[in-house]
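This report describes how the helices of one protein chain pack together and where selected residues are placed. Please consult the sequence and the structure shown below while reading.

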Amino acid sequence: MRKILPLIWRDDFSRQGFGAALIFWLASLFLLALFWFKLPPQVPLFYSHSWGEEQLAAPVLIFLLPGLTLFILLVNLLIAGQFASEEKLLARILALTSSLGSFLTFYSLIRILALAI
């Protein structure tokens with residue numbers, strides 16, 4: 001990991017993309033910590049299911065959103081680090097994908113919290 005980060009941090013776009021993804025991940029954790037004790041016994045999480053009881057889940061499952069964000073961020077960082085010296089475009093695409101995915105899960109978390117609280 002120590003060899004990967006300097007390769008990615010040289011490119012401004014990649015640094016900003018992965019940095020934004022990290023900020024959205026930290027903001028998600030902060031929001032969860034802030035509103036954890038205000039959550040009801042079930043929160044709307046599974047929007048692909050039919051409307052009603054099937055969409056509800058235990059509040060602990062809401063940690064899937066930041067967990068998914070962290071997983072995507074780390075995988076994209078590792079892949080980008082492997083190819084950063086040869087393929088800058090790939091590293092930039094992975095940085096953009098990480099930041100976009102982090103933003104979308106952060107936005108989803110905000111919407112879920114707004115409905116639940």
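## The chain as a whole

Of the 117 residues in the protein chain, 34% are buried, where buried means under 20% relative accessible area, exposed over 50%, and partly exposed in between (1.4 Å probe, protein chains only). The model is predicted, so local features need pLDDT of at least 70 and side-chain atom pairs count only at pLDDT 80 or more, while totals for chains, interfaces and linings use all residues. Residues are numbered from 1 along each chain as its sequence is written, and side-chain values use heavy atoms, with hydrogens and water left out.

The secondary structure of the chain consists of four helices and two strands, arranged along the sequence in the pattern α-α-β-β-α-α. Helices (H or I, at least four residues) and strands (E, at least two) are DSSP runs, numbered from the N terminus. The C-alpha trace spans about 50 × 30 × 20 Å along its principal axes. Among contacts in the chain with a separation of 6 or more, 66% join residues 24 or more positions apart; contact means heavy atoms within 4.5 Å.

## Helix packing

Helix α2 packs against helix α3 and also crosses helix α4, as the table sets out. Axes are lines fitted to C-alpha atoms, for helices over the stretch in contact, and angles run from 0 to 180 degrees between N-to-C directions.

| Helix pair | Angle between axes | Distance between axes |
|---|---|---|
| α2 (residues 12-35) and α3 (residues 64-83) | about 160 degrees | 10 Å |
| α2 and α4 (residues 88-116) | roughly 20 degrees | within 8 Å |

The helices α2 and α3 are therefore roughly antiparallel to each other, whereas α2 is roughly parallel to α4. In these terms, angles under 35 degrees count as roughly parallel, over 145 as roughly antiparallel, 65 to 115 as roughly perpendicular and the rest as oblique.

The crossing of α2 and α3 is left-handed, a term that applies if the near helix is turned anticlockwise from the far one by less than a right angle; a clockwise turn is right-handed. Residues in this contact include Phe 18, Trp 25 and Leu 32 of α2, and Pro 66, Thr 69 and Ala 80 of α3. By class, the contact of α2 with α3 holds eleven nonpolar, three polar and no charged residues. Here Ala, Val, Leu, Ile, Met, Phe, Trp, Tyr, Cys and Pro count as nonpolar, Asp, Glu, Lys and Arg as charged, and the others, Gly among them, as polar.

The crossing of α2 and α4 is also left-handed. Its contact comprises 18 nonpolar, six polar and one charged residue.

## Selected residues

Thr 69 lies in helix α3 and is buried, with a relative accessible area of 3%. A polar atom of its side chain lies 3.0 Å from the backbone oxygen of Leu 65. Beyond neighbours within four places in sequence, Thr 69 is in contact with Trp 25, Ser 102 and Thr 105.

Ser 102 belongs to helix α4 and is buried at 2% relative accessible area. The side chain of Ser 102 reaches the backbone oxygen of Ser 98 at 2.9 Å. Apart from neighbours within four places in sequence, Ser 102 is in contact with Ala 21, Phe 24 and Thr 69.

Arg 111 is likewise placed in helix α4. With 48% relative accessibility, Arg 111 counts as partly exposed. Arg 111 and Pro 44 are 67 residues apart in sequence, and their C-alpha atoms are 9.6 Å apart in space.

Notes
A polar contact is a pair of N or O atoms within 3.5 Å; within protein, one must be able to donate a hydrogen and the other to accept it, and residues adjacent in sequence count only if both atoms are side-chain atoms.
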